[in-house]
Amino acid sequence: MAEEAEAAAAAAAPEIEDEETPGYRAPAKKSLDEIAKMDADDESLVRYKQALLGGSEVPAGDRSGPNVVVEKLIMRPTDGEPRELDLMGDLSKLKSMPVVVKEGCEYRIEIQFRVNYEIVAGLKYIQTVKRLAISDKTSHMVGSYGPKSEVQVYKTPPEEAPKGIMYRGKYSVRSRFTDDDKNIYKEWEWALEIKKDWH
């Protein structure tokens, strides 16, 4: 009986597959010291590296934990209150607390994360939204980030929630925060509900 319930839950959850970019290869791994010493005579590269690292030294500390920690997802509508998902707690609860979105509203998704000790190349936010037999996958290139002690923020381009009685209802969402090396820093399922109004 438990196996049947797990199979049904797996079938209902939207799938996420990372798409390959033809001809693209992720850069070779290098330490921050190696990167800092490379191309020291090229002023533009030195400025770029300073911007990437924030002009500061690498934060010292424990390197046994993950390099990238995804802390929050915030749905920021242009005409409503932000809806926040805490990604540091029990992720299994997110599916039972749908984020309400007013039909037709414009919104952006904001992701707050930390990079702890190494530059991470090609961060991506991927999400698949599913309702009944309809599935929609979106992939956002977040970029490359250096380590910083403060939270870093990525905002998606503006999107518009679907409008009309056919689109109202609950949707299952699977999100993933990954990079060019296919490291999965966070993967979670959550729910959203499109309504005629915010309540």
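Two strands pair if DSSP finds at least two bridges between them. Helices (H or I, at least four residues) and strands (E, at least two) are themselves DSSP runs, numbered from the N terminus. The model is predicted: local features need pLDDT of at least 70 and side-chain atom pairs count only at pLDDT 80 or more, while totals for chains, interfaces and linings use all residues. Residues are numbered from 1 along each chain as its sequence is written, and side-chain values use heavy atoms, with hydrogens and water left out.

**Exercise 1. Describe how E5 and E6 pair, and find the bridge partner of Thr128.**

Step 1. Start with the strands: E5 covers residues 120-131 and E6 covers 134-145. They pair in the antiparallel sense over 10 bridges.

Step 2. Now look for Thr128; its bridge partner in E6 is Lys137.

Step 3. Follow the chain through the turn. E5 and E6 form a hairpin with two residues between them. Leu132 lies in this loop, and its phi is near 55 degrees, a positive value in a residue other than glycine. Most residues other than glycine have a negative phi.

Step 4. Check the surroundings of Leu132. Relative accessible area is computed with a 1.4 Å probe on protein chains only: buried means under 20%, exposed over 50%, and partly exposed in between. Leu132 counts as exposed because its relative accessibility is 75%.

**Exercise 2. Work out which side chains Ser175 meets through polar contacts, and whether Ser175 is buried or exposed.**

Step 1. Place the residue: Ser175 is in strand E9, residues 169-178.

Step 2. Read its accessibility. At 0%, Ser175 is buried.

Step 3. Search for partners. A polar contact is a pair of N or O atoms within 3.5 Å; within protein, one must be able to donate a hydrogen and the other to accept it, and residues adjacent in sequence count only if both atoms are side-chain atoms. The side chain of Ser175 makes such a contact with the side chain of Tyr125 at 2.8 Å, and another of 2.8 Å joins it to the side chain of Trp190.

Step 4. Place the partners in the core. A nonpolar core is a set of buried Ala, Val, Leu, Ile, Met, Phe, Trp, Tyr and Cys residues joined through side-chain atoms within 4.5 Å. The largest one has 32 residues, and Tyr125 and Trp190 are among those with the most contacts inside it. E1, E3, E4, E5, E6, E9 and E10 each supply at least two residues of this core.

Step 5. Widen the view around Tyr125. Contact means heavy atoms within 4.5 Å. Beyond four places in sequence, Tyr125 touches residues including Leu73, Ile109, Val142, Phe177 and Trp188.

**Exercise 3. Sort the side chains of E7 by face, then find the strand that pairs with E7.**

Step 1. Recall the pattern: in a regular strand the side chains alternate between the two faces of the sheet.

Step 2. Apply it to residues 152-155. Gln152 and Tyr154 point to one face and are buried, while Val153 and Lys155 point to the other and are not.

Step 3. Find the neighbour. Four bridges join E4 to E7, and the two run antiparallel. Ile111 stands opposite Tyr154.

**Exercise 4. Compare two residues in the loop between E9 and E10: Asp179 and Lys182.**

Step 1. Take Asp179, which is buried, with a relative accessible area of 1%. A polar atom of its side chain lies 3.0 Å from the backbone nitrogen of Asn183.

Step 2. List its contacts. Leaving out residues up to four places away in sequence, Asp179 touches Val120, Ala121, Gly122, Leu123 and Tyr185.

Step 3. Turn to Lys182, which counts as partly exposed at 48% relative accessibility. Its phi is near 65 degrees, a positive value in a residue other than glycine.

**Exercise 5. Find residues that are far apart along the chain yet meet in space, using Glu106 and Asp197.**

Step 1. Glu106 sits in strand E4 and is partly exposed at 38%. Glu106 and Arg76 are 30 residues apart in sequence and 8.6 Å apart in space, C-alpha to C-alpha. Arg76 is also one of the contacts of Glu106.

Step 2. Asp197 lies in the segment after E10 and is partly exposed at 44%. The C-alpha atoms of Asp197 and Val101 are separated by 7.7 Å, with their positions 96 residues apart along the chain. Asp197 touches Val100 and Lys102.
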